[in-house]
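The following exchange examines how structural terms are assigned in a model. Each answer sets a value against its definition.

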Amino acid sequence: MKWEDQRQSDNVEDQRDSGGGGGGGGGRRGIGGGRGLSLGGIVIALLASWAFGINPLTMLGLLGGGGATPPPEPSAQAQRGAKPQDAGARFVSTVLADTEDVWGAYFGAQQQTYAPPALVLFRGRSNTACGMGEAAMGPFYCPADRKVYIDLAFYDTLRDRLGAPGDFAQAYVIAHEVGHHLQNLQGTMAKMDSARQRVSERDYNALSVRLELQADCYAGVWAFHSQQGKGWLEKGDIEEGLNAAAQIGDDTLQRKSQGTVVPESFTHGSSEQRMRWFKRGLETGELKACDTFKSGAV
């Protein structure tokens with residue numbers, strides 16, 4: 001991706017040096033570090049329940065029935081608008097800015113206003129309106145405060161442990177999370193919360209798969225319009241995104257973690273499904289093509 005010298009977003013909160021919610025040493029921990037976690041066992045289980053989704057605390061039902069935990073007031077260093085200087089943070093900020101441009105224009109053409117999410121950079125742990133987020137969960141979106149959270153050490157894991165290298169694979173992560181923000185604005189997540197109280201766990205898992213595949217499709221729609229507007233994708237970039245989608249399919253993650261695949265436990269979709277819905281968005285450039293909830297078979 002030819003991302004250098006592009007606009008950076010003003011909606012980035014850099015909490016990496018502000019103390020956040022702790023993090024045990026403040027180093028680059030990724031999903032393999034902290035509190036005795038390793039890539040095996042619980043970490044892969046977290047990946048299987050997350051794989052670029054909304055806050056895993058919510059998806060795993062760990063928030064309980066209590067009210068949301070209000071996030072702390074950001075320090076002066078964590079306020080929005082200060083442009084990060086390191087390359088990884090500048091890349092994320094640039095991709096976020098492009099999602100703002102794409103979705104702002106897309107909804108503007110329909111006489112609608114797009115309210116973009118904020119993106120929080122943190123190390124180790126971060127207190128959110130959805131509960132305590134940790135690097136071991138991977139990037140996530142919290143609908144309660146409309147923020148995307150990411151520990152940049154995750155990108156090392158994406159490349160080295162999950163087999164998905166490349167800058168467009170990293171961009172896909174952000175675009176997917178912003179896709180969840182779109183679902184929040186559209187009321188889709190509220191419907192999911194309501195359904196949780198009415199359906200079985202197996203049926204809710206099936207709804208969760210449709211939610212995640214729709215976010216993949218939305219990421220593809222973003223890529224379509226982003227390339228039309230900037231022409232910044234290079235040879236091999238799309239393949240990087242598709243490979244990332246394949247590497248975090250439920251079947252692939254389950255096969256790596258336990259050696260067997262249990263389709264009824266899927267919450268994000270198979271590798272084939274994730275690639276297919278990302279491609280659908282990429283090929284059509286239309287949100288209406290991403291209605292996974294009305295599709296008979298996903």
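Q: What makes β5 and β6 a pair of strands?
A: Strands are DSSP runs of E with at least two residues, as helices are runs of H or I with at least four, both numbered from the N terminus. Two strands pair if DSSP finds at least two bridges between them. Strand β5 (residues 140-142) is joined to β6 by 3 bridges, so the criterion is met; the two run antiparallel. Cys142 stands opposite Lys147 in β6. The hairpin has 4 residues between the strands, and Arg146 takes a positive phi near 55° there.

Q: On what basis may such details be stated?
A: This is a predicted model, in which local features need pLDDT of at least 70 and side-chain atom pairs count only at pLDDT 80 or more, while totals for chains, interfaces and linings use all residues. Residues are numbered from 1 along each chain as its sequence is written, and side-chain values use heavy atoms, with hydrogens and water left out.

Q: How do you know that β2 and β6 pair, and in which sense?
A: DSSP gives 4 bridges between β2 and β6, in the parallel sense. The requirement of at least two is therefore satisfied. Within this pairing, Val120 has Tyr149 in β6 as its bridge partner. From β6, Lys147 and Tyr149 point one way and Val148 and Ile150 the other way, yet all are buried.

Q: Why is Leu242 called buried?
A: Buried means under 20% relative accessible area, exposed over 50%, and partly exposed in between (1.4 Å probe, protein chains only). Leu242 has a relative accessible area of 17%, so the residue is classed as buried. Its place is in helix α8. Contact means heavy atoms within 4.5 Å, and Leu242 touches Met275, Phe278 and Lys279, not counting residues up to four places away in sequence.

Q: What makes a set of residues a nonpolar core, and which members touch the most others in the largest one?
A: A nonpolar core is a set of buried Ala, Val, Leu, Ile, Met, Phe, Trp, Tyr and Cys residues joined through side-chain atoms within 4.5 Å. The largest such core has 56 residues, of which Trp103, Tyr155 and Trp222 touch the most other members. Elements giving two or more residues to this core include α3 (87-108), β2 (118-121) and β6 (147-150). A second, separate core of 8 residues includes Phe122, Cys130, Met137 and Cys142.
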